[in-house]
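Dear colleague,

I am handing over the structure below, and after it I set out what was found in it, one topic at a time.

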Amino acid sequence: MRKSILIVLAAGLAGLAVGLIAPGNGLSGGGQLALPRRISTPYPWTPSLEQAPLRSASVLIDIDDTVGVVGDSYRRLSLTGPPGEGVLLSPDGTRVAYRVLGALVIRAVDGTSTRVFPDGSGGGAPRGWSADGTLLAVARGAELRLLEPGSGQARTVGTVPAEWDGPVAFTRAGDRLAYQVGQRMVIAGTDGAQESGFAVPAGMVLAGKGAWTPDGASLLVGAAVGDGWQFRTLRASDGSVDPAPALAVLRHAGAGRALGWRPDGTLVAVAYEPAPASSGAAPLVSGPGRVPSGTGAAEGARVRVVGLVRGEVAERSLMEVPEGVSGIDVAGQAVVRSEPAVGVAVWPVAGWWLAGVVSVVLAVAGLWRVHGRGLRERLRRALETRAARRAGKKRGPGDGGAPGWAGRKRGLGDGGGLGWGEDGRPLGDGGEVRVSGGEVPADARPAGPRTKIRE
């Protein structure tokens, strides 16, 4: 017994140690990011990114008030903020930018570094990455800044309202950016020189980080259309409508965001479906150029990742997203290609979860060690009692069971001429009659061969 307990304790402690030091799996497939065709949600015991880093991530999801990180495996980030709006994944999938406790945090997915930028040192709310990942647009107060994460240097490129939380879209070349303030679109160079601006039709908002067309000549804006959402193309030079074929409507969507373009001209977008209880599309512009964060964050809301091709009337599903996911962001380099589904691995296990399991195992082992002998004795007695009862039932009342006549007038007289006399004594065909609880007195026994009567 003692040896068994020692084995259990050793196994539990070994599992705890492995769970606490388990490394990340790393990105497979040669390190190329891709859009999974299907994703799941992490298990409750899935470890945090701090405990088990990954080489890179392709997708961030908002699930149960935490951020799920999807690489070649799953991890968790203890953050509150919708991915793609308040939590941004870098184009190469190696860094995550978010704001916490009044400071901008840029965390390396592989765990090698975490940089913190207070508001007075280039920090602010992250609003968009440049295509090469060398610049991060941040909003601080009434200023829109460009931060160089490598050097920590920041420069102001525009003015925005206080608490502004709109997206910033960079051209593929990284030389210009666009952002919307109220119903005005502002286009500026990354060197801080303002180039142009134009009025945006009422109800239209900048489509997101993938709003620039691949050639850098036009921008996508989005607007509600019936019970759906549709992107329109405006020329960046003057805001006029681009004559290019229209993109399909995102059906049953309260909002949509453009994630980027594929080489074949497919626009990869995310559609936010409102919760079933909500009626119609939610208000999308709630202030000067503000698109509410967490568009799909209502309980029961869903998101889907789709592809839109000019001239086609329907969207193409690119990634299956499970229910319960209310926000999503995709690394820019993952947009251009697809890969098989990413399954949820059971291992590694979060240290806190594994510690809880080990604690339960140790508690049970300790209780068994202290009270095990008494428990075993009580269990033995209970089993013996049960076996005795079963044996008594099989023998029947005529084999020394409860007092009484064998058969209790049932079955007696059913064969061999047996029956009951007028005096109440059992009759036989010359044999002995045995009764439960003892034998018939000698003077009442008939002569002849003895016959046993049982029920």
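To begin with a single side chain in what is a predicted model, Trp 164 is buried, with a relative accessible area of 4%, which falls under the 20% that counts as buried. Tyr 179 is buried as well, its relative accessible area being 3%. These two residues form an aromatic pair of the edge-to-face kind, with 6.0 Å from centre to centre and 75 degrees between the planes, and the count of aromatic pairs comes to 1. Because Trp 164 sits in the loop between β12 (154-159) and β13 (169-170), while Tyr 179 belongs to strand β14 (residues 176-181), the pair ties together parts that are 15 residues apart in sequence.

Next, the nonpolar cores. In soluble globular proteins, nonpolar side chains tend to be buried together. Here the largest nonpolar core has 38 residues, and those with the most contacts inside it are Val 59, Val 96, Val 305, Met 319 and Ile 328; strand β2 (residues 59-63) provides the largest share of this core, namely 4 residues. Apart from this core lies another, of 31 residues, which include Phe 198, Ala 223, Leu 247 and Ala 271. As for the surroundings of Val 96, if residues up to four places away in sequence are not counted, Val 96 touches several residues, among them Leu 60, Leu 77, Val 87, Val 105 and Ile 106.

You may also wish to look at an open sheet of 3 strands, in the order β17-β18-β19, with antiparallel pairing. The strands β17 (205-206) and β19 (228-235) stand at its edges, and since each has a single partner strand, one side of each is left without a neighbour in the sheet. Between β17 and strand β18 (residues 218-225), which run antiparallel, there are 2 bridges, and Leu 206 has Val 221 in β18 as its bridge partner.

Strand β17 appears again in the last topic, since β5 (88-89), β9 (125-129), β13, β17 and β20 (255-261) each supply at least two residues of the lining of the largest pocket. This pocket holds about 790 Å³ of space, and of the 43 residues that line it, those closest to its centre are Gly 208, Lys 209, Gly 210, Leu 259 and Gly 260. The strand that gives the most to the lining is β20, with 6 residues.

With kind regards

How values were computed
Residues numbered from 1 in each chain as written. Predicted model: local features only at pLDDT ≥ 70, side-chain atom pairs only at ≥ 80, totals over all residues. Heavy atoms only, no water. Core = buried A, V, L, I, M, F, W, Y, C linked by side-chain atoms within 4.5 Å. Buried < 20%, exposed > 50% of the residue type's maximum accessible area, 1.4 Å probe, protein only. Contact = heavy atoms within 4.5 Å. Pairing = 2+ DSSP bridges. Phe/Tyr/Trp six-rings, centres within 6.5 Å; stacked < 30°, edge-to-face > 60°. 1 Å grid on protein atoms, 1.4 Å probe; cavity = no way out; pocket = protein on both sides within 12 Å on 5 of 7 lines; lining within 4 Å. Points joined across faces, edges and corners; volume = space filled by probe spheres on them.
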